[in-house]
Amino acid sequence: MNTVTTASIALTGIKAVIIDLDGTMLDTAPDFHAAVNRMRAEFDLAPLSQQTIVDFVGKGSENLIRKVLSVDYPPAKAEQHFEAALDSYQRHYAVINGNFASVYPGVLEGLETMRKQGLRLACVTNKPLVFAEALLEKVGLRDYFEVVYGGDSFPKKKPDPMPLLAVCADFKLQPSQVLAIGDSSNDAQAARAAGCPVFNVPYGYNHGESIQDVDSDGIVTSLLVAAQNLSH
Ligand SMILES: O=C(O)COP(=O)(O)O
Ligand SMILES: [Mg+2]
């Protein structure tokens, strides 16, 4: 696997790009950190470090909350408190959403370049759709995307290919014409299962594991570098 900082893994025939949100366009780790620890305080649980929480991000809110309860509770107790903890977390996240997040370097330039290249853009995230839409609006990125799908948009979320295949169908394109870009094995597995080429970025959250070990078509240091590696 090559880590590419300039154009050298050019993909051809790409007509659209599906871009992940958390850990790819936005560093939302501080938002997750704050919301989870406010929930935990309500349950008289000690705060967790940002790194501990971030290693649980990427498979949706339900998985995150199950994991952060499992740090202290045995499985049966975690399950017993799951619904109330998820409600509490979502209540806090709705207020915090975007307050502590930042857009990664190269994102704006990458989206602009892709738009100028005539590429159609979709955002597919495992974040609940209502949070994803609000966050993209807040940071001024919503208008780049024709389509935004969240973790609750379909019966299955990434690493299942369902949301990616839905974008291909929306755009009336073959999966081979639609590049996926994400920060985790979730994104790469969903893309592989859908038949989409996929780039990973190395700066996000990959469940605490090395991105070098993920099967993808390349690691690009930014969305701008990804855009520079595409031609029609
Ligand atoms: O699990 C989440 O909420 C974030 O997921 P994402 O990386 O697919 O945006
Ligand atoms: Mg991600």
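Which loop holds K172? Select K172 to find out. The residue lies in the loop between helix 7 and strand 8 (178–182). Check its backbone: phi is near 55 degrees, a positive value in a residue other than glycine. Keep in mind that this is a predicted model.

**Stop 1: the other side of helix 7**

Now select P159. This proline sits in the loop between strand 7 (147–149) and helix 7 (162–171). Show the backbone from K158 to P159. The peptide bond there is cis, with omega near 15 degrees. Both backbone stops deserve a look for one reason: most residues other than glycine have a negative phi, and most peptide bonds are trans.

**Stop 2: the domains**

Zoom out and colour by domain. Domain 1 takes 3–27 + 103–231, and domain 2 takes 29–96, according to the domain assignment. Their C-alpha centres are 26 Å apart. At the contact, domain 1 supplies 13 residues and domain 2 supplies 9 residues. Stay on the domain 1 side of that contact. Its residues split into 3 nonpolar, 7 polar and 3 charged.

**Stop 3: ligand 1**

Select ligand 1 and expand to its shell. How many residues are around ligand 1, and which come nearest? There are 13, and L21, D22, T125, N126 and K127 come nearest. By class, the shell has 2 nonpolar, 6 polar and 5 charged residues. Keep the domain colours on: domain 1 and domain 2 each give at least three residues to this shell.

**Stop 4: helix 1 against helix 4**

Hide the ligand and select residues 29–42, helix 1, with residues 75–96, helix 4. Their axes are 8 Å apart, and the packing angle is about 135 degrees. The two helices are therefore oblique to each other. Helix 1 and helix 4 form a right-handed crossing. Show side chains next. From helix 1, pick D31, A34, A35, V36, R38, M39 and E42. From helix 4, pick A85, S88, Y89, H92, Y93 and I96. Together these contact residues comprise 8 nonpolar, 2 polar and 3 charged.

**Stop 5: helix 3 against helix 4**

Keep helix 4 and swap helix 1 for helix 3, residues 60–70. How do helix 3 and helix 4 pack: at what angle, and with their axes how far apart? The angle is about 120 degrees, with the axes 9 Å apart. This pair is therefore oblique as well. Helix 3 also crosses helix 4 in a right-handed manner. On helix 3, select S61, E62, I65, R66, L69 and S70. Their partners on helix 4 are A78, H81, F82, A85, L86, Y89 and Q90. The residues of this contact divide into 7 nonpolar, 4 polar and 2 charged.

**Last view**

Finish on A85 and Y89 of helix 4. Both residues belong to the contact with helix 1, and both also meet helix 3. Display helices 1, 3 and 4 together to see these residues in place.

Methods. Residues are numbered from 1 along each chain as its sequence is written. Chains are lettered from A and ligands numbered from 1 in the order in which they are written. This is a predicted model: local features need pLDDT of at least 70, side-chain atom pairs count only at pLDDT 80 or more; totals for chains, interfaces and linings use all residues. A residue is near a molecule or strand if its C-beta atom, placed from the backbone, lies within 6 Å of it. Ala, Val, Leu, Ile, Met, Phe, Trp, Tyr, Cys and Pro count as nonpolar, Asp, Glu, Lys and Arg as charged, and the others, Gly among them, as polar. Domain bounds come from an automatic or database domain assignment. Two residues are in contact if their C-beta atoms, placed from the backbone, lie within 7 Å. Axes are lines fitted to C-alpha atoms, for helices over the stretch in contact, and angles run from 0 to 180 degrees between N-to-C directions. Helices (H or I, at least four residues) and strands (E, at least two) are DSSP runs, numbered from the N terminus. Angles under 35 degrees count as roughly parallel, over 145 as roughly antiparallel, 65 to 115 as roughly perpendicular and the rest as oblique. A crossing is left-handed if the near helix is turned anticlockwise from the far one by less than a right angle, and right-handed if clockwise.
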